[in-house]
Amino acid sequence: MGIQAWFIIFGVGAMMLIVWDGKRRKRQQTTSGAPDRSPSLSIVSASPMPSEPLGGNTPLTSVATTRAFPVVERSDVGTSIGAATHISGKVIADEPVFIKGRITGTVIAPNHTVSVTATGHVTTYMEGHCVDIDGHLVGTLKANNRAIVRTRARIQGVIEAPRLACMPGAWLQVDVAHQAKCHRPKVALVS
């Protein structure tokens, strides 16, 4: 038998071991019940207002306030507007909204979280129960409970919220208005 035949046998054996190990790890993961969790946020130092979009982020919905700045957990539920999507008009939702793309108009989800990733751009008006922004906003941001401004956020306009958390590195050119916190659910109105 030649050297090439030995290499082929060795290669097939190595592939069998890799497949066997993958199956073993998959069985181990399903029996232990521990799902693989990837980190929910990536932090990048901010620079002056960029003209091109920065890197993406993962969907964000619930907020825990155990640290100086709220930590947001990953969620894959709700409406997702992809990075290649451009919407001109109104987006009115009764579920969480996750924006990676560009919206020229209005985004309203008064009882749910509205998240804008670093690649997301919103122009004119955005309202949500909790608004989490890591992208661009030109216009009015209205949060019925809390507004979280992340490191890569670039905001021009007005922020209206009962509570505002702003991470270092965010770029703001805004008027901040404190609104009284209202505990009753709001209804999205179309005009």
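## Exercises on a one-helix, eleven-strand chain

Of the 191 residues of the chain, 36% count as buried, where buried means under 20% relative accessible area, exposed over 50% and partly exposed in between, with a 1.4 Å probe and protein chains only. The model is predicted, so that local features need pLDDT of at least 70 and side-chain atom pairs count only at pLDDT 80 or more, whereas totals for chains, interfaces and linings use all residues. Residues are numbered from 1 along each chain as its sequence is written, and side-chain values use heavy atoms, with hydrogens and water left out.

### Exercise 1: the helix

Work out which secondary structure elements the chain has, and how the span of helix α1 stands against the expected one.

Solution. Begin with the inventory, which comes to one helix and eleven strands; helices (H or I, at least four residues) and strands (E, at least two) are DSSP runs numbered from the N terminus. In sequence order the pattern is α-β-β-β-β-β-β-β-β-β-β-β. Next take α1, residues 3–32, whose 30 residues reach 43 Å from the first C-alpha to the last, close to the 44 Å expected at 1.5 Å a residue; the expected span is 1.5 Å times one less than the number of residues. Finally, look at its cover: the count of buried residues among the 30 residues of α1 is zero, and the helix is hardly covered.

### Exercise 2: strand pairing

Find the sense in which β9 pairs with β8 and with β11, and give a pair of opposite residues for each.

Solution. Two strands pair if DSSP finds at least two bridges between them. Strand β8 (residues 136–149) and strand β9 (residues 154–160) pair in the parallel sense over seven bridges, and in this pairing Thr140 stands opposite Val158 in β9. On to the next pairing: β9 and strand β11 (residues 171–177) are also joined in the parallel sense over seven bridges, with Gln156 opposite Gln173 in β11.

### Exercise 3: the nonpolar core

Identify the residues that touch the most other members of the largest nonpolar core, and the strands that supply it.

Solution. A nonpolar core is a set of buried Ala, Val, Leu, Ile, Met, Phe, Trp, Tyr and Cys residues joined through side-chain atoms within 4.5 Å. The largest one has 23 residues, of which Val97, Ile99, Val107, Met126, Ile133 and Leu141 touch the most other members. At least two residues of this core come from each of β5 (97–99), β6 (102–116), β7, β8 and β9. Then follow Ile99, which, not counting residues up to four places away in sequence, is in contact (heavy atoms within 4.5 Å) with residues including Ile81, Val107, Val114 and Val122.

### Exercise 4: three polar residues

Decide whether Thr123, Thr124 and Asn144 are buried or partly exposed, and describe the setting of each.

Solution. Thr123, in strand β7, is partly exposed at a relative accessible area of 30%. Leaving aside neighbours within four places in sequence, Thr123 is in contact with Ile103, Thr104, Gly105 and Val138, while its C-alpha is 9.3 Å from that of Val107, 16 residues away along the chain. Thr124 lies in β7 (residues 121–133) and, at 44% relative accessibility, counts as partly exposed. Its phi is positive, about 105 degrees, although Thr124 is not a glycine; most residues other than glycine have a negative phi. Asn144, by contrast, is found in strand β8 and is buried, with a relative accessible area of 5%. A polar atom of the Asn144 side chain lies 3.0 Å from the backbone oxygen of Pro110.

Definitions and conventions
Polar contact = N/O pair within 3.5 Å; in protein donor to acceptor, adjacent residues only side chain to side chain.
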